[in-house]
Amino acid sequence: MGLIDRATVDRIYAAADIVEIIGDYVTLKRKGVNYQACCPFHNEKTPSFVVSPSKGVFKCFGCGKAGNAVTFVMEHEGISYPEALKAVAKRYGIEVQERELTEEDIRRNDNRESMFALNGWAYDYFADYLRKSSEGQSVGMSYFRQKRGFTEATIQKFGLGYCSAKGDAMTSAALAAGYKEEFLLSTGLSIRRERDGQLFDRFHDRVIFPVHNISGRIVAFGGRILGTNKNVGKYQNSPESEIYSKKRELYGLYFAKKAIQQQDYAIMVEGYTDVISMHQAGVENVVSSSGTSLTTDQIRLLNRFTKNITVIYDGDSAGIHASIRGIDMILAEGMNVRVVLLPEPEDPDSFARAHTAAEVQEYIKANEVDFITFKAQLLMKDAQNDPIKRAALIGDMVQSITQIPDSIQRSVYVKECARLMDIDERVLVEEVARKRVVQTGGGREASDFIRRQQMRQRSEEQAAVPEPQVDFTKGVAAGSATQELEKELLKYLLKYGHRNFDFKEGRDVIQMNVADVILSTLDAQELHFQTEVYRKMLDTYREQRAELGEGVEVPAHLFINHPDPAVCNAAVDILTSDDNYVPSKLWEQKEVHVESVEEILAQGVPKAVILYKSNAIKKLIDEQMQRLASGQLTEEEELEATTLINTLNCEKTNISHKVQRTIL
């Protein structure tokens, strides 16, 4: 990119309306002379991001980010300052004159900009090929117009296109236009053939759906094959790249964000054509996760514009049960979810083509139900009078209610669920409390990963030669966080496992059983004790508790007189270390002040379990760091390891907030 002269820069700043520009990325609410929003640069529930139109600046009092309209675009898009100036100039119709590029300038152009430039070229190429070639007209246009009923205006608005059936037509045209092979491969527009090393078009013989990011830049493409070849996937999508992460993009959001802001709700559909047909019918607040499972990143992107989501399912969709997981994720972000089932055999695409905008909106209003009612209606068909299925359905609903951060909303839904399922409300309140007592807020991805790693570790342990047993005659070695935490959990089980403690769920106080909280959490996360002697003690406790039942004390002599001397020594150490239960060193180090047994149990039990999970995460992070440090990973493995470390660190931060202090 060349240099932009000072006069043009001044003209750009004079024209730039910071409220207008930032309003493209978040919903700004007026507060006095300024505007407020939840910060787009970090995840927050309470708005601390302020825009001052009079000063032309923004500032986030949460993460500290600050700047003007141009630096906002630069920061948000991850682009250079000159590129951000050009983006703002384009918005206000200001022509930017640049001097000729030198070789040094060209070298300085980073990969991202080269990839964006190539995608922009491909966008025009596919659209032109659709309109101007006989193949594009006869194959692509007839599909869009006859099969899908798209108008010329719709085709143009969404930049729809076609890629020739000739295997390398687009690649050859791109190379002839001066675009480099490396960027054709990194954007995924071209693929290298193994047998001869030649490049060919990823999307050959497919109609093209460009994917815009939130600011309208082309980050990817989706291609649909029109033939009936069962060996080829119907849809082909751009691969992940420096400029495209499918879990962070919502198809149609660029076109829908204004309507979402105006109507204060978003409609979620499944595919590209669903979005386009709804737009053509005049319903514009519509987005899609493009056939992939909904992600937390996508939900947070939508959360910038509205708190209200209506999910539309096909009348005969076999994937409804699988899609329900997305509802729980939306609830966990503090958003409101309603669900609409279309009449069979309609999907949003066919339904929108057969009805006017007013009819579509009217149908949604008349048929949308909250997620509890929807789950009840959907799953009761299966449950009928089967008590086991009915119990599973209630458990499923409770799982959803548990995700909701707001206690008043949870209470409302508990009442509704009790009414629909004809069940005692108190039972539901207790079940929600049981699940929330050690909930860390999100972290599904990390939890799944922890489970996989634990399984891997167990299989490796079984295959390995047993390690020599630790000598417990002198007590647990100091400094081992895992051993200390396992010892702490066993102390609660052996001394207080039969007792209950109070846990506040909304306005209710629920009695929770100590052993139930510890054991059910370890089971839910599939966490297994690493210290062999403590693992034996835990297994013994489980067996005895299963025989004696909840609320009955497991006799201490079973551990003190255990056949394994290591268990005897460890049990004596745990049971005699503080006869009146002096708060453990672990809590002293963490500066937690506890007095009575009741306080110890109410504060200590959930925190001990959460800290144990945090410790497991730390070990997994260390493992991935060691993999990276080995220098023996492929690029793909490095990316995987880095992604996992980021995911696990996010979960660790969630846990840290839950325990209300830093976990090192």
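Strand 12 and strand 13, which spans residues 286-288, pair in the parallel sense over three bridges, and I should say at once that what we are looking at is a predicted model. Within that pairing, M268 of strand 12 has V287 as its bridge partner in strand 13. Strand 12 also pairs in the parallel sense with strand 14, residues 308-313, again over three bridges, and there the bridge partner of M268 is V311. So much for the partners; are the faces of strand 12, residues 266-269, covered or not? Both of them are covered, since A266 and M268 on one side, and I267 and V269 on the other, are all buried.

Let me turn to another sheet, an open one of five strands in the order 1-2-3-4-5, where the pairing is antiparallel. Strand 1 (29-31) and strand 5 (66-67) stand at its edges with a single partner strand each, and therefore one side of each has no neighbour in the sheet. Further in the order, strand 2 (residues 34-37) pairs with strand 3 (residues 49-52) in the antiparallel sense over three bridges, and Y35 has V51 as its bridge partner in strand 3.

Finally, the helices. Helix 18, residues 387-403, packs against helix 20, residues 425-436, at an angle of about 60°, with the axes 9 Å apart, which means that helix 18 is oblique to helix 20. The crossing of these two helices is right-handed. On the helix 18 side the contact includes I394, G395 and V398, and on the helix 20 side it includes L428, E431 and V432. Taken together, the residues of this contact divide into five nonpolar, three polar and three charged.

Notes
Residues numbered from 1 in each chain as written. Predicted model: local features only at pLDDT ≥ 70, side-chain atom pairs only at ≥ 80, totals over all residues. Heavy atoms only, no water. Axes fitted to C-alpha atoms, helices over the stretch in contact; angles between N-to-C directions. Helix = DSSP H or I, 4+ residues; strand = E, 2+ residues; numbered from the N terminus. Parallel < 35°, antiparallel > 145°, perpendicular 65-115°, else oblique. Left-handed = near helix turned anticlockwise from the far one by under 90°. Contact = heavy atoms within 4.5 Å. Nonpolar A, V, L, I, M, F, W, Y, C, P; charged D, E, K, R; others polar. Pairing = 2+ DSSP bridges. Buried < 20%, exposed > 50% of the residue type's maximum accessible area, 1.4 Å probe, protein only.
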